[in-house]
Amino acid sequence: MNRFRYGTSTASKEQALTVVPITLQTARAFITWSHRHLMPPQGAKYAIGLNSGTTLVGVVVAGRPVARAFDDGRTIEVTRLSTDGIPNACSMLLGAAWRAARAMGYRRLITYTLATEPGTSLHAAGLVKVAERPARTGWDTPSRPRTDNGSDGVDRVLWEIVRQVRS
C-alpha cells in the first residue's frame with residue numbers, strides 16, 4: 001500500500017522539502033504518473049523520494065549504468081528523475097542520490113538528459129556536461145525484437161559528478 005499522496009497543491013509548495021527513503025515500487029508508480037516521456041525503469045540499486053509534508057513531490061532512481069563501458073562497479077547511473085514541478089526538487093534529489101552513492105562507495109554518478117533540456121538542476125547539484133550523444137536508431141534487431149523505450153531517436157547529453165580521490 002502506498003503511504004504517499006501524489007500531486008501538488010498550494011500548501012505543499014509552502015512546506016519544507018524532506019528527502020525520504022522509498023521503495024522502487026513507489027518510485028515506479030510516481031514515474032508512471034508524472035514522467036513526461038519515459039516509462040519507469042525495470043530495476044534499481046536504490047530509490048529516493050522527496051516529500052512536501054505528506055505529499056510525494058519527486059523521486060530519483062539510480063542503478064547500474066546502461067552502457068556496458070561505464071559498468072565498472074564504481075559508477076552509478078540516475079536512470080530516472082521525476083518531479084511534479086516544485087522548485088528545487090530536481091537538484092535536491094540529485095544531491096541526495098550522489099550522497100547515497102558516495103556512502104555506498106561509488107566514485108562516479110552519471111545521467112543523461114535530452115539535448116533540448118538546459119540542465120540547470122544538474123549544474124546546481126554539481127554535475128558537469130561530459131559529452132553530447134547523437135540520436136540512436138534503437139535496440140531493435142531481428143534476433144532480439146524490442147520496443148522503443150522513449151529515448152530512441154533523440155539527441156542526449158551525458159552528465160557526471162566524480163568523487164575526488166585523495167592521495
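The following paragraphs lead from the overall fold of this predicted model to its nonpolar cores and then to individual residues.

The protein chain contains 4 helices and 8 strands. Read from the N terminus, these elements follow the order β-α-β-α-β-β-β-α-β-α-β-β. Of the 167 residues in the protein chain, 43% are buried. The chain exposes about 9800 Å², and carbon and sulfur atoms account for 51% of that area. When contacts between residues at least 6 apart in sequence are considered, 66% of them join residues at least 24 apart.

The interior may be approached through its nonpolar cores. In soluble globular proteins, nonpolar side chains tend to be buried together. In this model the largest nonpolar core comprises 24 residues, and Tyr-46, Ile-76, Leu-109 and Leu-127 are the members with the most contacts inside it. Two or more residues come from each of the elements β3 (46–52), β4 (55–63), β5, α3 and β8 (156–162). The greatest contribution is that of α3, which supplies 7 residues. Another core lies apart from this one; it has 9 residues, including Val-20, Ala-47, Val-59 and Val-61.

Leu-127, one of the residues with the most contacts inside the largest core, shows which parts of the chain meet there. Beyond its neighbours within four places in sequence, Leu-127 is in contact with Leu-109, Thr-111, Leu-122, Trp-159, Glu-160 and Ile-161.

One of these partners, Thr-111, merits separate attention. Thr-111 belongs to strand β6, which spans residues 108–114. Is Thr-111 buried or exposed? Its relative accessible area is 7%, and because this falls under the 20% cut-off, Thr-111 counts as buried. With residues up to four places away in sequence left out, Thr-111 touches Val-78, Leu-122, Leu-127, Val-157, Leu-158 and Trp-159. Val-78 also takes part in a polar contact with Thr-111: the Thr-111 side chain reaches the backbone oxygen of Val-78 at 3.0 Å.

Asn-88 offers a contrasting case. Asn-88 is placed in the loop that joins β5 (75–83) to α3 (89–103). What is notable about the backbone of Asn-88 is its phi, which is near 70°, a positive value in a residue other than glycine. The relative accessibility of Asn-88 is 55%, and because this is over the 50% cut-off, Asn-88 counts as exposed. The two elements that flank this loop, β5 and α3, are both among those giving two or more residues to the largest core. Thus Thr-111 is buried, whereas Asn-88 is exposed.

Technical notes
Residues numbered from 1 in each chain as written. Predicted model: local features only at pLDDT ≥ 70, side-chain atom pairs only at ≥ 80, totals over all residues. Heavy atoms only, no water. Buried < 20%, exposed > 50% of the residue type's maximum accessible area, 1.4 Å probe, protein only. Core = buried A, V, L, I, M, F, W, Y, C linked by side-chain atoms within 4.5 Å. Contact = heavy atoms within 4.5 Å. Polar contact = N/O pair within 3.5 Å; in protein donor to acceptor, adjacent residues only side chain to side chain. Areas by Shrake-Rupley, 256 points an atom, 1.4 Å probe, with all protein chains shown as cover.
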